[in-house]
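User: Hey, can you walk me through this one? I'd like to go over the side-chain pairs and the packing.

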Amino acid sequence: MGSYVDEENGKESPKSPPNNSKFRYNSPLVQVGLIGLVCFCCPGMFNALSGMGGGGQVDHTAANNANTALYTAFTIFGILGGGIYNILGPQKTLFVGCSTYILYAGSFLYYNHIKHQAFVVVAGGLLGVGAGLLWAAQGAIMTSYPPHDRKGTYISMFWSIFNMGGVIGGLIPFVSNYKRTTAASVNDGTYIGFMVFMAIGTFLSLGILHPSKVVRNDGSTCTNIKYSSVSVELVQILKLFGNWKMLLMVPASWASNFFYTYQFNNVNGVLFNLRTRGLNNVFYWGAQMIGSVFIGAMMDYSFKSRRTRGLVGIAVVGVLSTAIWGGGLAKQLQYSRDDVPDHIVLLDFKDGSKFAGPFVLYFSYGLLDAMFQSMVYWVIGALADDSEILSRYTGFYKGIQSAGGAVAWQVDSHNVPFMNQLIANWALTTISFPLLVALVVLAVKDVDKDEKGATKEVAIPSNRDISTTADNQSKE
């Protein structure tokens with residue numbers, strides 16, 4: 001008869017049948033749902049703020065410079081975030097990360113009254129630190145807590161809850177600025193509304209359990225390693241830069257935030273008036289909910305073979321990517337940076353057919369974003385089941401993703417032609433697909449094997465084995 005280890009005192013207790021309720025507080029379903037709510041309130045509202053173009057300001061310069069600082073810091077702390085998560089655990093990591101979102105929204109409230117960029121840029125840099133911590137923790141939770149054969153479903157559930165934040169967040173500027181049809185910065189109430197949601201998310205983060213306390217329905221835990229160390233994490237993070245699996249993911253990682261600048265600033269921010277930009281974001285983030293559910297179901301249920309599901313999912317996203325970026329090219333041929341602002345009549349949602357085409361394009365960009373990122377997260381989750389390993393993998397992904405974002409914001413700040421930005425985005429996403437296919441073929445297995453990255457046994461005969469397991473982890 002096996003035994004379970006009591007995490008509080010390290011003593012064994014007789015093995016008992018697990019509680020199979022999906023709605024247990026320590027179940028993967030509840031915990032992934034809770035991290036979804038945290039991200040609904042913090043990065044979800046940030047997405048709504050960014051999606052208005054220029055952080056809701058007429059002049060995009062302050063927001064572009066803040067986002068450069070944000071994504072530069074995010075690059076570093078995204079990569080380090082997985083290790084920090086393994087050392088501090090989810091509650092401390094997420095609480096610190098979430099609190100920086102409040103400061104960022106507050107800096108734009110300040111900028112509404114005092115037009116000095118310094119505070120906004122510093123707040124952007126601090127948010128980069130916090131976002132790196134939050135997203136490394138989120139990635140580990142979302143990819144390691146679920147059962148291995150339902151990761152796509154849990155990813156889509158998270159993505160839907162998270163992007164509901166963008167939907168609600170889009171309504172805030174739409175309602176607050178409904179009577180303002182001319183070019184203008186958003187009002188104070190918009191920023192205050194964002195800050196309230198972000199504060200709620202910060203306190204919700206304290207409800208996330210350590211992975212060693214989360215129990216799947218089969219009785220397995222997400223990790224048996226309760227704490228890591230700085231030296232172990234630094235070594236393991238450095239090894240990621242020579243890990244061929246991570247290197248194959250670099251183009252997809254870089255592309256997945258690179259296109260935001262173009263879509264937010266140079267499509268939504270250029271073509272539409274203020275209130276319509278907010279409304280567009282309601283549908284942009286709503287499209288993400290649809291896209292994530294569709295691709296999540298396909299990558300969990302379409303075929304018996306996990307490898308086949310992965311390949312089919314990549315193929316479907318690849319075809320849609322080509323079609324949507326092709327539509328973007330057709331629209332981009334109709335205007336350029338030289339036309340802004342004097343030769344572009346800003347569209348309003350009441351403009352009928354003139355509004356419909358650009359609106360559908362922006363909606364499609366949201367659909368593609370969710371499908372692309374959910375697909376990448378599914379691939380990451382298929383590489384391992386253990387929270388400790390996946391926190392590093394997702395941290396690496398977010399770090400490289402953020403480096404792409406930092407470059408993209410500066411590309412726009414230097415007035416690079418819109419067409420050049422579109423072509424770069426299209427090329428990056430297209431290059432990603434064959435590399436992801438290679439990764440799935442070479443690294444995703446259809447049969448679970450007890451290997452590095454597989455789920456560890458929760459039933460262990462003695463406390464000595466806990467130390468042995470931890471020692472073995474540090475040698476990997």
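**Charged pairs and packing**

Analyst: Let's start with one pair: Arg337 is buried, and so is Asp412. Keep in mind that this is a predicted model.

User: What do Arg337 and Asp412 form, and how far apart are the closest N and O atoms?

Analyst: A salt bridge, with the closest N and O atoms 2.7 Å apart. Arg337 sits in the loop between H12 and H13 while Asp412 is in helix H14, so the bridge ties together parts that are 75 residues apart in sequence.

User: Which residues is Gln421 in contact with, leaving aside neighbours within four places in sequence?

Analyst: Both members of that pair show up: Gln421 contacts Arg337 and Asp412, along with Tyr262, Asn266, Val411 and Val416. Gln421 itself belongs to helix H15, residues 418-443.

User: Is Gln421 buried or exposed?

Analyst: Buried, at 5% relative accessibility, because the cut-off for buried is under 20%.

User: Back to the charges. How many salt bridges are there?

Analyst: The count comes to four. Another of them joins Arg275 and Asp348, whose closest N and O atoms are 2.8 Å apart. Arg275 is in helix H11 (residues 274-301) and Asp348 is in the loop between helix H12 (306-332) and H13, so this pair ties together parts 73 residues apart in sequence.

User: Are Arg275 and Asp348 buried or exposed?

Analyst: Both are buried.

User: What about Glu233, what does that form a salt bridge with?

Analyst: Arg392, with 2.9 Å between the closest N and O atoms. That one links distant parts of the chain, since Glu233 is in helix H8 and Arg392 is in helix H14 (residues 387-413), 159 residues apart. Glu233 is buried at 2% relative accessible area, and Arg392 is buried too, at 5%.

User: Which residues are linked with Glu233 in a network of salt bridges?

Analyst: Glu388 and Arg392; together with Glu233 they make up the network.

User: OK, switching to the nonpolar side. How many residues does the largest nonpolar core have?

Analyst: The largest core has 113 residues. Those with the most contacts inside it are Tyr101, Trp135, Phe158, Tyr365, Met375 and Val376.

User: Which helix gives the largest share of this core?

Analyst: Helix H13, residues 353-383, which puts in 18 residues.

User: And Trp135, what does that touch, not counting residues up to four places away?

Analyst: Two other names from the core list, Tyr101 and Phe158, are among its contacts. Trp135 also touches Cys39, Pro43, Phe74, Phe162, Tyr377 and Lys398.

User: Speaking of cysteines, how many disulfides does a search of the whole structure find?

Analyst: Zero.

User: Why is there no bond from Cys41 or Cys42?

Analyst: Distance. The closest cysteine sulfur to that of Cys41 is in Cys42, 6.2 Å away, which is too far for a bond. For Cys42 the closest is in Cys98 at 3.8 Å, and that is also too far, because a disulfide needs the two sulfurs within 2.5 Å. Both residues are tucked in: Cys41 is buried at 4% relative accessibility, and Cys42 is buried at 0%.

User: Now helix H3. Where does that bend, and by about how many degrees?

Analyst: H3, residues 61-88, bends by about 45 degrees at Gly81. Just after H3 comes Gly89, which takes a positive phi of about 85 degrees.

User: Pro90 is next along. How far apart in space are Pro90 and His210?

Analyst: 6.0 Å from C-alpha to C-alpha, with their positions 120 residues apart in sequence. His210 is in the loop between helix H7 (188-204) and helix H8 (230-240), and at 17% relative accessibility it counts as buried.

User: What does the His210 side chain make a polar contact with?

Analyst: The side chain of Ser212, at 2.8 Å.

User: Last one: what does Ser432 touch, not counting residues up to four places away?

Analyst: Pro251, Ala252, Ala255 and Phe372. Ser432 is in helix H15 and is buried at 0% relative accessibility. A polar atom of the Ser432 side chain lies 3.2 Å from the backbone nitrogen of Ala252.

Technical notes:
Residues are numbered from 1 along each chain as its sequence is written. This is a predicted model: local features need pLDDT of at least 70, side-chain atom pairs count only at pLDDT 80 or more; totals for chains, interfaces and linings use all residues. Side-chain values use heavy atoms; hydrogens and water are left out. Buried means under 20% relative accessible area, exposed over 50%, partly exposed in between (1.4 Å probe, protein chains only). A nonpolar core is a set of buried Ala, Val, Leu, Ile, Met, Phe, Trp, Tyr and Cys residues joined through side-chain atoms within 4.5 Å. Helices (H or I, at least four residues) and strands (E, at least two) are DSSP runs, numbered from the N terminus. Contact means heavy atoms within 4.5 Å. The bend at a residue is the angle between axes fitted to the seven residues ending there and the seven starting there. A polar contact is a pair of N or O atoms within 3.5 Å; within protein, one must be able to donate a hydrogen and the other to accept it, and residues adjacent in sequence count only if both atoms are side-chain atoms. A salt bridge is a side-chain nitrogen of Lys or Arg within 4 Å of a carboxyl oxygen of Asp or Glu.
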